[in-house]
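Here's a quick briefing to keep open next to the viewer. Have a look at the chain first, then work through the notes topic by topic.

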Amino acid sequence: QVYTDYFFDKTAFNTQDAGYVPLEPMDTPQVPLNIPPILTPDAETDDSLAYTITAQTGETQILPGEKTKTWGFNAPLLGQTIVLKRGKHTRVHLRDELPELTTFHWHGLNIPGPIADGGCHAPVYPGKTRDIEFDVNQPASTAWLHAHPCPETASQVWHGLAAMVIIKDEVEAALPFPRNYGVDDIPVILQDRKFHDHNQWNYQADYDPDGVQGPTAMINGTVNPYFDVTTQRVRLRILNGANRREWRLHFTDDLEFTQIGSDGGILPAPVTLTHLMSTCAERHEIIVDFGKYHDGDEVILYSDDTPLIHFRIHQFVPDNVELPTHLVDIPDPAVDPDLPIKRVVMSGMDEGVMIDNTKFAMQRIDYEMPMGKCQLWDITNTNDMKVGMIHPYHMHGTSFKVVSRNGHDPYPNEHGLKDVVSVNPGEHVVIKVWFDVPGIFMYHCHIIEHEDGGMMAQLKVIDPKNPTAKYQLMDHHTL
Ligand code: C2O
Ligand code: CU
Ligand code: CU
């Protein structure tokens with residue numbers, strides 16, 4: 001079966017919102033797609049891994065002419081790609097070389113909060129460092145690292161503080177997927193920007209409480225990129241790193257492609273699609289088979305009508321590997337009968353965004369939940385069906401399973417583990433939530449300006465072996 005639509009209701013597309021900024025094709029010369037280098041570990045053994053990650057300022061040649069002032073992790077813009085390995089104890093030395101405070105949030109990692117998780121309560125001050133450590137114990141997946149100082153997350157991500165994180169394990173390694181990084185396994189970080197005079201970004205000038213957007217697509221920090229295809233099959237690790245934009249992806253000739261992974265890892269079964277919608281912070285791993293094309297052909301990845309990446313086809317060796325119909329087993333714990341359904345309501349737009357009728361407060365714990373137990377959470381978006389926005393709902397510290405959308409089955413590509421689920425206006429989505437690690441964790445809308453604007457709450461996950469653990473909660477950061 002081939003799915004040929006985006007699944008989402010058309011009325012919920014962000015084009016329906018008055019503040020929407022459409023993408024505009026760029027006529028700048030095509031440039032090679034930037035492939036972020038893989039970060040070299042400081043040390044690695046059979047069971048441990050160590051990295052240094054520096055948040056830094058820099059300058060990047062994005063458009064012809066003047067360079068753009070940018071921020072990144074171990075790079076002037078975005079970051080080097082960080083590879084983690086399941087089963088390894090991981091130590092990270094964090095350094096802030098920015099002119100302001102930041103935090104290092106591991107989006108998609110199931111590690112203790114609030115310090116290792118790196119949300120609002122784990123600041124690193126300018127010129128200072130912090131050391132964290134955690135065990136990686138989750139399936140192979142595509143995650144990311146981004147800044148998360150509340151309420152400056154959006155402006156820091158806009159400046160460039162977002163890097164891809166690839167988790168590896170033996171289950172994924174045994175599957176017949178392309179995995180030669182930079183050749184047939186490539187990161188695709190989708191963002192949009194507005195370039196002002198002298199090719200600079202100006203977050204304040206473009207500020208919109210419903211999410212900052214720009215008309216120019218930027219992929220891995222490159223505008224108008226091409227990629228040289230030298231293998232029949234190419235795996236794309238698509239990460240929506242935009243502050244607010246949804247991407248409606250499709251290829252030349254409505255080329256079919258196969259989704260093999262979502263936020264939390266490999267899907268239970270491959271899903272064949274011609275169209276794919278990506279909402280903020282989601283990850284989709286797809287395999288594109290260029291078998292019907294020839295040396296000299298070009299295949300374009302579009303969002304709506306705007307070209308994002310030009311795939312230039314070169315000669316390749318035939319590779320007609322068939323994917324197995326079953327890929328991996330997905331954990332599916334039984335819901336604890338003693339835990340009632342936890343309801344979460346996302347409401348409002350603009351400055352009025354709230355979660356459960358209140359705005360985020362750094363010092364308030366909104367909910368408590370026992371570690372290791374599974375509970376149904378019912379997430380509602382009360383926005384108007386005609387003019388409202390999709391709110392991509394995210395939880396720190398865990399991967400969840402989507403159970404239903406308005407009582408119906410989840411979308412066909414939502415049967416794997418997720419940590420972001422888009423909730424349409426007027427919809428309620430039921431998910432199964434469980435935590436394997438304790439601590440304080442945020443849950444919020446991942447339109448980053450909504451998150452900064454207060455559509456965020458936090459829960460405490462209680463370890464039964466250490467029920468009185470105390471956590472230090474920060475005040476809102478003063479920069
Ligand atoms: Cu990408 Cu609080 O998250
Ligand atoms: Cu997160
Ligand atoms: Cu939102």
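What follows covers domains, metal sites, cysteines and salt bridges, in that order.

Keep in mind that this is a predicted model. The domain assignment splits the protein into three parts: domain 1 (2-15 + 176-313), domain 2 (17-173) and domain 3 (342-462). The chain also holds copper, with ligand 2 coordinated by two histidines, His105 and His394, and ligand 3 by His391, Cys445 and His450. A search of the whole structure turns up one disulfide and 25 salt bridges.

**Domains 1 and 2**

- Domain 1 is written in two pieces, 2-15 and 176-313, while domain 2 runs over 17-173.
- The C-alpha centres of domain 1 and domain 2 sit 19 Å apart, and their contact draws on 64 residues from domain 1 and 50 residues from domain 2.
- Between them, domain 1 and domain 2 bury about 5000 Å², and carbon and sulfur atoms give 59% of that area.
- Two salt bridges are counted between domain 1 and domain 2.

**The copper ion, ligand 2**

- His105 and His394 both coordinate the copper ion (ligand 2) through NE2, at 2.0 Å.
- His105 belongs to strand β9 (residues 105-107) and His394 to strand β28 (residues 391-395), so this pair ties together parts of the chain 289 residues apart in sequence.
- How accessible is His105, buried or exposed? His105 counts as buried, at 0% relative accessibility.
- His394 is buried too, with a relative accessible area of 1%.

**The copper ion, ligand 3**

- The donors here are ND1 of His391, SG of Cys445 and ND1 of His450, at 2.0 to 2.2 Å from the copper ion (ligand 3).
- Read along the chain, the donors of ligand 3 follow the spacing H-x53-C-x4-H.
- His391 in strand β28 and Cys445 in strand β32 (residues 439-445) are 54 residues apart, so to speak a link between distant parts of the chain.
- His391 is buried at 0% relative accessibility, and Cys445 is likewise buried at 0%.
- Strand β28 turns up at both copper ions: it holds His394, a donor to ligand 2, and His391, a donor to ligand 3.

**Cysteines**

- Which cysteines form the disulfide? They are Cys120 and Cys150, with their sulfur atoms 1.8 Å apart.
- The link of Cys120 and Cys150 is left-handed, with -55° about the S-S bond.
- Cys120 sits in the loop between β9 and β10 (129-135) and Cys150 in the loop between β11 (141-146) and α1 (153-159), so the bond ties together parts 30 residues apart in sequence.
- Both ends are buried: Cys120 at 0% relative accessibility and Cys150 with a relative accessible area of 1%.
- Cys280 is in no disulfide, and the nearest cysteine sulfur, that of Cys445, is 7.4 Å away. Cys280 is buried as well, with a relative accessible area of 1%.

**Salt bridges**

- Asp185 pairs with Arg237, and their closest N and O atoms are 2.8 Å apart.
- Asp185 is in strand β13 (residues 185-193) and Arg237 in strand β16 (residues 233-240), so the pair ties together parts 52 residues apart in sequence.
- Asp185 is buried, with a relative accessible area of 3%, and Arg237 counts as buried at 4%.
- Strand β16 also holds Arg233, which forms a salt bridge with Asp319, the closest N and O atoms being 2.9 Å apart.
- Asp319 lies in the loop between β23 (306-313) and β24 (342-347), 86 residues from Arg233, and Arg233 is buried with a relative accessible area of 7%.
- Glu172 and Arg179 meet through their side chains in a salt bridge, 3.2 Å from N to O.
- Which residues does the salt-bridge network link? Glu172, Arg179, Asp185, Arg235, Arg237 and Glu285 are linked in it.
- Asp366 and Arg364 meet in a salt bridge at 2.6 Å, N to O. Asp366 is partly exposed, with a relative accessible area of 25%, and Arg364 is partly exposed with 27%.

Notes. Residues numbered from 1 in each chain as written. Chains lettered and ligands numbered in written order. Predicted model: local features only at pLDDT ≥ 70, side-chain atom pairs only at ≥ 80, totals over all residues. Heavy atoms only, no water. Donors = N, O, S within 2.8 Å, 3.2 Å for Na, K, Ca; no water. Helix = DSSP H or I, 4+ residues; strand = E, 2+ residues; numbered from the N terminus. Buried < 20%, exposed > 50% of the residue type's maximum accessible area, 1.4 Å probe, protein only. Disulfide = S-S within 2.5 Å. Domains from an automatic or database assignment. Contact = heavy atoms within 4.5 Å. Buried area = accessible area lost by both parts, 1.4 Å probe. Salt bridge = Lys/Arg side-chain N within 4 Å of Asp/Glu carboxyl O.
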